[in-house]
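The exercises below are meant to be worked through with the sequence and the model side by side. Try each task before reading its solution.

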Amino acid sequence: MTVAFLTGKHRRAAAALGAVSAGLLVLSACDKPTPLATVTVGTTSVHTEAACYNDGAAIRESLIQGCLNEKAEKSITVAADDKVRFGVDPEIAENGWTIFIGGQRAEQEPYHKTYRTIPASAFFTSPTTGEPSSSAQVSVVETTGKKLTGIWHFKLLKD
């Protein structure tokens, strides 16, 4: 029976490969994804990571308006009589979250459950002019007291 032994050169190469692999594993753990927010209409769902998120800490005041004005990357089509279902990760619900429409707060009190349903008709009237619109940018905003800690954007398109 023959046993293969690694030479010094091969042992060093194996050790180096192991060190690189361990280093990559450690580095990949540093980039933790943000919690998700989801919008569901009928059987169609879209979800997204936060547009602005500071690992649960408050977003700097100077950045908030810019974050609220960012355009949504995810969109979903909605009929006027549909129900729009919002879902958030439990850590968002624990802190509390609210809905913003077009960058403006749509409700005063934060919601503390992971799921809620709102009629689609609530989103297609301009909050400033009262005019009907064919689309709406809706933001899920995580709050901790009076501080904003995360912002997720969706665009609702009227069918």
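**Exercise 1.** Decide whether W152 is buried or exposed in this predicted model, and then describe the aromatic pair to which W152 belongs.

*Solution.* Begin with the relative accessibility of W152, which is 0%, so this residue counts as buried, the cut-off being under 20%. Next, look for the partner ring: W152 and Y53 form a tilted aromatic pair, with 6.0 Å from centre to centre and 55° between the planes. Then place both residues in the chain, where Y53 belongs to strand 3 and W152 to strand 10, 99 residues apart. Finally, examine the partner's exposure: Y53 has a relative accessible area of 22% and is therefore partly exposed.

**Exercise 2.** Work out how W97, Y111 and R116 are arranged, starting from the aromatic pair and then adding the arginine.

*Solution.* The rings of W97 and Y111 form an edge-to-face pair, 5.7 Å centre to centre with 85° between the planes. W97 lies in strand 6, whereas Y111 lies in the loop between strand 7 and strand 8. W97 is buried at 0% relative accessible area, while Y111, at 26%, is partly exposed. R116 lies over the face of W97, 5.4 Å from the ring centre, and also over the face of Y111, at 4.3 Å.

**Exercise 3.** Which residues touch the most other members of the largest nonpolar core?

*Solution.* Among the 25 residues of this core, they are V84, F86, I99, F123, V140 and L156. Taking V140 further, its contacts beyond four places in sequence include F86, W97, I99 and W152.

Conventions: Residues are numbered from 1 along each chain as its sequence is written. This is a predicted model: local features need pLDDT of at least 70, side-chain atom pairs count only at pLDDT 80 or more; totals for chains, interfaces and linings use all residues. Side-chain values use heavy atoms; hydrogens and water are left out. A nonpolar core is a set of buried Ala, Val, Leu, Ile, Met, Phe, Trp, Tyr and Cys residues joined through side-chain atoms within 4.5 Å. Buried means under 20% relative accessible area, exposed over 50%, partly exposed in between (1.4 Å probe, protein chains only). Contact means heavy atoms within 4.5 Å. Rings of Phe, Tyr and Trp (its six-membered ring) pair if their centres lie within 6.5 Å; planes under 30 degrees apart count as stacked, over 60 as edge-to-face and the rest as tilted. Helices (H or I, at least four residues) and strands (E, at least two) are DSSP runs, numbered from the N terminus. A charge sits over a ring if NZ of Lys or CZ of Arg is within 6 Å of the ring centre and within 35 degrees of the ring normal.
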